[in-house]
Amino acid sequence: MHTTVGSFRSAAYWFEDPRSGVSAHYLVGLDGRVAVFVDEPDAANHAGRVAEPTAAMARGAVAAGESPNLTSIGFELVDDGDPGGVRRTDVQYASVARLIARASERWGIPVDTDHIVGHREIAADTGCPGNLDIERIRREALAWLAGGPADRPMIVGLLPVRDGEALLPRWLDSAAAWCEAVVALDDGSTDGTRALLEASPIVRTVLTNPPRPSAEGWHDGRNRRRLLEAAAAQAPDWIVQVDADERIEPDDAAVLRDFLATDAVPGLAYGLLHRRAWGNDQIDPTASWVYRVFAWEPGQELPEAPLHFHPVPVSIPRQAWVRTTVALQHVGAASPQLIRARERKYHEADPRGTYPVSFGGLSAPPRTLVPKPSRPKDLPALLSSAGLDALTDAAVGDPSVRPLLVVLLPVRNGEEDLPGWFDNVRGFADAAIALDDGSDDGTRALLQTEPLVHTMLAHPPRPGAAGWDDARNRQELLDAAADLAPRWVLFLDADERLDPQDAAALREHLASTDADRDAAYGFLVHRMTGEDVFDRDDLWVFRAFAWRPGQLLPEARLHLVPVPVSIPASHRRTTTVRIRHLASLTQARRHARSQKYREADPGHEFQGDYDGLLAPPGPARPWVPRPAGLSVLPPPSDPAGIDALRENECFDPDAPVLSAIVIAREDAGRIERVVRSVVTQETHAPFETIVVVSGSPGTAEVVRRCFPDVTLVELPDAVLPGAARNAGLQLARGDFVSFPGSHIELPQGSLAARIRAHERGYPMVTGSTLNGTRTAAGWAAYFLDHSSALPGRPSGELEGPPVHCSYEREILLRAGGFPGDLRAGEDTVVNHALAQRGYQAFRAADVIIVHSSPCRTTRAMVRHHLERGRGFGRILIDATPRGQRVIRREVVDKHLFGYLPRRIGSTTRNVEAWGGPELAAVYRRVLPLVCLGALSAWMGTWFELLRGGRRRRGAT
């Protein structure tokens, strides 16, 4: 048993990264979800070394000369980075107990203290697994082996229905096969629906809406929320939602019951295999999944959408939605007459056509029919993804008659781009499915008249980008692809183009046996600044994958990776296919794109800032046609495809290896000296200098006059440091990026040493900092801010994140750059995120910078550290999980009572270890000011925590 010292996502990322060299069989979240990384018969590298073991199994392995990894199953339990203080949830304990119970049955492992052990019982010098109650896990596992905590779970069915008199008798007769009780809602029926519900013994509660003559006013989200609230009176263990025009046949009902009583895990949502009946004895073999099953918990909330949503609690993320083999038969579109009635109902409820109605292909007769099948006798409720795909792929249809490639297009106000987009896409796609997301120009008319568009979805017009939900749009497009059942789909936006030669190579690859149907393919985006020139190619997007029924995309409203959640990150394959991105061709287009994101994300919930979208064109690079014979997939020696693409684009051999980005505001008096210290560096490899000036025309003019060859980015308004860094990063071409600020000067040799350290393979490099403000207050600020970078500290790898550093540009781009809303600490956030992902930091003592802080006086030092403390407070607030109190016990212990002794103590120890006699003497002289600065930072932190805590409580 292990604890993660991190989040579910970071642990999964680390296990999937081959560089980590570690893994576990299972990862169990605080919300009960489970990820499997290694099959039980195989060894996972989780137990590590053995040190003074107390566990009998470890002592036996040592005696036999074997690793405990060979004879154990590893369970990693998430602790969200707080192994000693995390509040473990009941569902996490229940999930791991069930896993252990099933493993015990499979392998005959006794559930006792000799066989269910913590990591510290193998290696006595580790604290793992933190505060995990292993005895509780043993007790609950034994309870499951004895038949479970209860003989039979309480399954409650939720039924929203309107005018269901003809369907309800059979539905009510079948419900007892899969649930104990039904909570129903009569949504304004004008027939005998309510009487049937009230007369049924299995229906415990009947809710009602006033009668109405049509489906106008139907709000499925509100109805289902009322049902879920009313279900609480039945004390359910599980919720199952089956509509009046749906059936679970007896064999599937038995499997569902057994599954919910044994292997089902609270905290997950389960999908039912949805197939349409046609007539009495045939079905449409095309399948999809509807997610209707989850364990009930108090306070759960369903989505607020009126129509067409999966009724799953918003607390259960898409990654925790699991497909099952339990079949749900839809009988509400089983004839042409029923299809017309269904269409009429949706038109009444949604006259503006806001929501698509073709889910599962229900708006047209089936392309093919097969006899209604019986459930295979030994088919389990759960199969692997490959098993589920095999179950449904054959039913979709003959691959030779299905479209090879369908392009999915979300667009709003694309009248200018669409003619060129269609000219491009006609050359390689079989069809397009488009969604007009509220255009108020000629977009809809162009889509309606274009022969390539097989299906057009539409949302009501709206005046701006506010309310833009890219995840919903792309999911609707992917759902609509079921009408064509394509072999492959590709998301391509209206301002994007595939090079014709690249597109032809991609189509040929997808048609071949080399195409990996379990992978998602990625393309390198080129920011076009002219017809055949670009200035950047630093963004990978993953857009193409094999279509399968029931695929789900991530839920992030903006900036999602539009790849099904069933395709793990380890199965994303880069290619040599390129995308031309046209959104930055002109200043007007750049401004419009920036404005769109500002309207859609005014609170910067999905990205720290959008100032980089306004960056002017950088040095032009010519577009080079695709060479004949270039493989779509890069060779194993070049897994990222970078080398293949760069050879293809004939990169300039004098292109910079490092980009030094200087950010400045009101720095006209010092900027010449700072920039000159950078541009005069002598290095063995070429570098470029970029200066980003925000809200300071005088500073920009000095740079423009003194350094005409330097790339100058002039932002009209003053921005925070993260936004300025990102603006420079947008134009950087170097493999590595460094950020010498306007308060930093570089001694000769500094950049050369930095490049050498990066070329040794280290993605993050930090060095030594010298003090350039030699007043008493300046020395105090220097020791507080830079004690870990004193010149006497030797070179070497760092165990955790560095304080200040340069970066491999690719990893910084993957991390999304810097948060743009922090006055201080923007690099701290990024450095911790990169370290958590496993990127190694290195300290090179010969990388030297001279930092001149603004803290020349005591007053300036106090103000400076107060601001830095406030920045740290904002970081703590942003890192607090949603729904959790900002000010909680562990925060008080660590940052109220422990902050000052820890900060001053670590600073003192660093000076004693690396400062030498001269710096140690200075430190003793300014120690009172050091304490004052630390106190200022502490006050700033708690000012933000208290203010942020009140805001968060008010918001909830």
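Is Arg580 buried or exposed? Arg580 is buried, because its relative accessible area is 15%, and buried means under 20%. The model in which this holds is a predicted one.

**Salt bridges**

The count of salt bridges in the structure comes to 47. One of them joins Arg580 to Asp499, with the closest N and O atoms 3.9 Å apart. Arg580 belongs to strand E22, whereas Asp499 is in the loop between strand E19 (496-498) and helix H14 (500-511), so the bridge ties together parts that lie 81 residues apart in sequence. Asp499 has a relative accessibility of 3% and therefore counts as buried.

A second bridge is formed by the side chains of Arg212 and Asp187, at 3.0 Å from N to O. This pair links distant parts of the chain, 25 residues apart: Arg212 is in the loop between strand E7 (203-209) and helix H7 (220-231), and Asp187 is in strand E6 (residues 181-187). Arg212 and Asp187 are both buried.

A third bridge brings together the side chains of Arg318 and Glu555, at 3.8 Å from N to O. Here the partners are 237 residues apart and again come from distant parts of the chain. Arg318 is in the loop between strand E12 (288-295) and strand E13 (321-330), and Glu555 is in the loop between strand E21 (533-546) and strand E22 (572-581). Arg318 is buried, with a relative accessible area of 11%. Glu555 counts as partly exposed, because its relative accessibility is 43%.

The three bridges are set out below.

| Salt bridge | N to O distance | Separation in sequence |
|---|---|---|
| Arg212 and Asp187 | 3.0 Å | 25 residues |
| Arg318 and Glu555 | 3.8 Å | 237 residues |
| Arg580 and Asp499 | 3.9 Å | 81 residues |

Salt bridges also link Asp220, Arg224, Asp243, Glu246 and Arg292 into a network.

**Aromatic residues**

The structure holds 20 aromatic pairs. In the pair of Phe739 and Tyr807, the ring centres are 6.3 Å apart and the planes stand at 70°, so the arrangement is edge-to-face. The angle qualifies because edge-to-face applies to planes over 60 degrees apart. Phe739 is in the loop between strand E27 (736-738) and strand E28 (744-745), and Tyr807 is in strand E31 (residues 806-808), so the pair ties together parts 68 residues apart in sequence. Both Phe739 and Tyr807 are buried.

Phe739 also has a charged partner: the charged end of Arg725 sits over the Phe739 ring, 4.9 Å from its centre. Likewise, Arg572 lies over the face of Phe542, at 5.9 Å from the ring centre. Elsewhere, one aromatic cluster is formed by Trp779, Tyr782, Phe783 and Tyr923.

**A nonpolar surface patch**

On the surface, Leu866, Leu932, Leu935 and Met939 form a nonpolar patch, and together they have about 290 Å² of accessible area. Helix H27 (residues 916-955) gives the most to the patch, with three residues. Leu932 is placed in helix H27. Its relative accessibility is 30%, so Leu932 counts as partly exposed.

**Two strand residues**

Which strand holds Ala664? Ala664 lies in strand E24, which spans residues 658-664. Ala664 counts as buried because its relative accessibility is 5%. Leaving aside neighbours within four places in sequence, Ala664 is in contact with Ile671, Val692, Val693, Ser694, Thr699 and Ser742. Ala664 and Pro721 are 57 residues apart in sequence, and their C-alpha atoms are 8.7 Å apart in space.

Ile848 lies in strand E32 (residues 841-851). With a relative accessibility of 28%, Ile848 counts as partly exposed. Residues up to four places away in sequence not counted, Ile848 touches Leu746, Pro747, Ser750, Ser768 and Leu770. The C-alpha atoms of Ile848 and Glu912 are separated by 20 Å, and the two residues are 64 residues apart along the chain.

Definitions and conventions. Residues are numbered from 1 along each chain as its sequence is written. This is a predicted model: local features need pLDDT of at least 70, side-chain atom pairs count only at pLDDT 80 or more; totals for chains, interfaces and linings use all residues. Side-chain values use heavy atoms; hydrogens and water are left out. Rings of Phe, Tyr and Trp (its six-membered ring) pair if their centres lie within 6.5 Å; planes under 30 degrees apart count as stacked, over 60 as edge-to-face and the rest as tilted. Helices (H or I, at least four residues) and strands (E, at least two) are DSSP runs, numbered from the N terminus. Buried means under 20% relative accessible area, exposed over 50%, partly exposed in between (1.4 Å probe, protein chains only). A charge sits over a ring if NZ of Lys or CZ of Arg is within 6 Å of the ring centre and within 35 degrees of the ring normal. Patches are made of residues with over 30% relative accessible area and no salt bridge: like charges are joined within 9 Å, nonpolar side chains (Val, Leu, Ile, Met, Phe, Trp, Tyr) within 5 Å. Accessible areas come from the Shrake-Rupley method with a 1.4 Å probe; for residues, only the protein chains shown count as cover. A salt bridge is a side-chain nitrogen of Lys or Arg within 4 Å of a carboxyl oxygen of Asp or Glu. Contact means heavy atoms within 4.5 Å.
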